[in-house]
Amino acid sequence: MKKTLFGVMTVAMLAFAAAPALQAKPTTIKGELIDTTCGKDGKTGKSGAEHAACATSCAKRGEPVAVYTADGGVYVVTGDFVAEKNAKVIEFMAKVVEVTGEVTKDKDGKMTIAATAIKVAK
């Protein structure tokens, strides 16, 4: 009985100690915040200041937004920042930003970032 209890306690302690190591580490992605409807991964490939009004309009309608990196990577933004028709990201549309959060890749290769912080890049 004591050996079983000791074994269970040991396993529980190891699991508790390993839990932080299993959590994904936040990553910061730098790039232009675009709308996916007509942004870099859309059909027209529009971006930059000349596209800011269109990108903002699309984002206000609730279209998905993404970070388009200098190396061509596209990370769709998920989480609280894009809740309520992208309310917290509207001010960042068509700007170069740094988005921090957990990055995941689905089975089709689509990258997402669950944003916990967004700021204009320096």
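This text walks through a predicted model of one protein, from its overall layout to a few single residues.

The protein has 122 residues. Three helices and five strands are found in it. Read from the N terminus, these elements follow one another in the order α-β-α-β-β-α-β-β. The chain therefore begins with a helix and ends with two strands, as the order of elements and the numbering from the N terminus show.

Some totals describe the protein as a whole. Of its residues, 34% count as buried. Its accessible surface comes to about 8000 Å², and carbon and sulfur atoms account for 60% of that area. Contacts also tell how the chain is folded back on itself. Taking the contacts between residues at least 6 apart in sequence, 59% join residues at least 24 apart.

The next topic is strand pairing. Strand β1 covers residues 27-35 and strand β4 covers residues 96-105; the two run antiparallel and are joined by six bridges. Within this pair, Lys30 stands opposite Glu98 in β4. Strand β4 also pairs with strand β5, which spans residues 111-120. This second pairing is antiparallel too, with nine bridges. Here Val99 is found opposite Ile118 in β5. Strand β4 thus has a pairing with β1 and a pairing with β5.

β4 and β5 form a hairpin, and five residues lie between the two strands. One residue of this hairpin, Gly109, has a positive phi near 90 degrees.

How many salt bridges does a search of the whole structure find? The search finds one. The side chains that meet in it are those of Glu98 and Lys119, with a distance of 3.7 Å from N to O. The two residues are 21 apart in sequence, Glu98 in strand β4 and Lys119 in strand β5, and the pair links distant parts of the chain. The distance of 3.7 Å counts as a salt bridge because the cut-off between the nitrogen and the carboxyl oxygen is 4 Å. In general, side chains of opposite charge can pair when their charged atoms come close. Glu98 is partly exposed, at a relative accessible area of 22%. Lys119 is partly exposed as well, at 48%.

Helix α3 consists of residues 83-86, and Glu84 lies in it. Asn86 also has its place in helix α3. Glu84 has a positive phi, near 55 degrees, although it is a residue other than glycine. Asn86, again not a glycine, has a positive phi of about 65 degrees. Are these two residues buried or exposed? Glu84 counts as exposed, with 72% relative accessibility. Asn86 is buried, with a relative accessible area of 3%.

The last stop is His51, which lies in the loop between β1 and α2, a helix covering residues 52-60. His51 counts as buried because its relative accessibility is 6%, and the limit for buried is under 20%. What does His51 touch? Leaving out residues up to four places away in sequence, His51 touches Asp35, Cys38 and Lys46. With Asp35 there is also a polar contact, made between the side chains of the two residues at 3.2 Å.

Key:
Residues numbered from 1 in each chain as written. Predicted model: local features only at pLDDT ≥ 70, side-chain atom pairs only at ≥ 80, totals over all residues. Heavy atoms only, no water. Pairing = 2+ DSSP bridges. Helix = DSSP H or I, 4+ residues; strand = E, 2+ residues; numbered from the N terminus. Buried < 20%, exposed > 50% of the residue type's maximum accessible area, 1.4 Å probe, protein only. Contact = heavy atoms within 4.5 Å. Areas by Shrake-Rupley, 256 points an atom, 1.4 Å probe, with all protein chains shown as cover. Polar contact = N/O pair within 3.5 Å; in protein donor to acceptor, adjacent residues only side chain to side chain.
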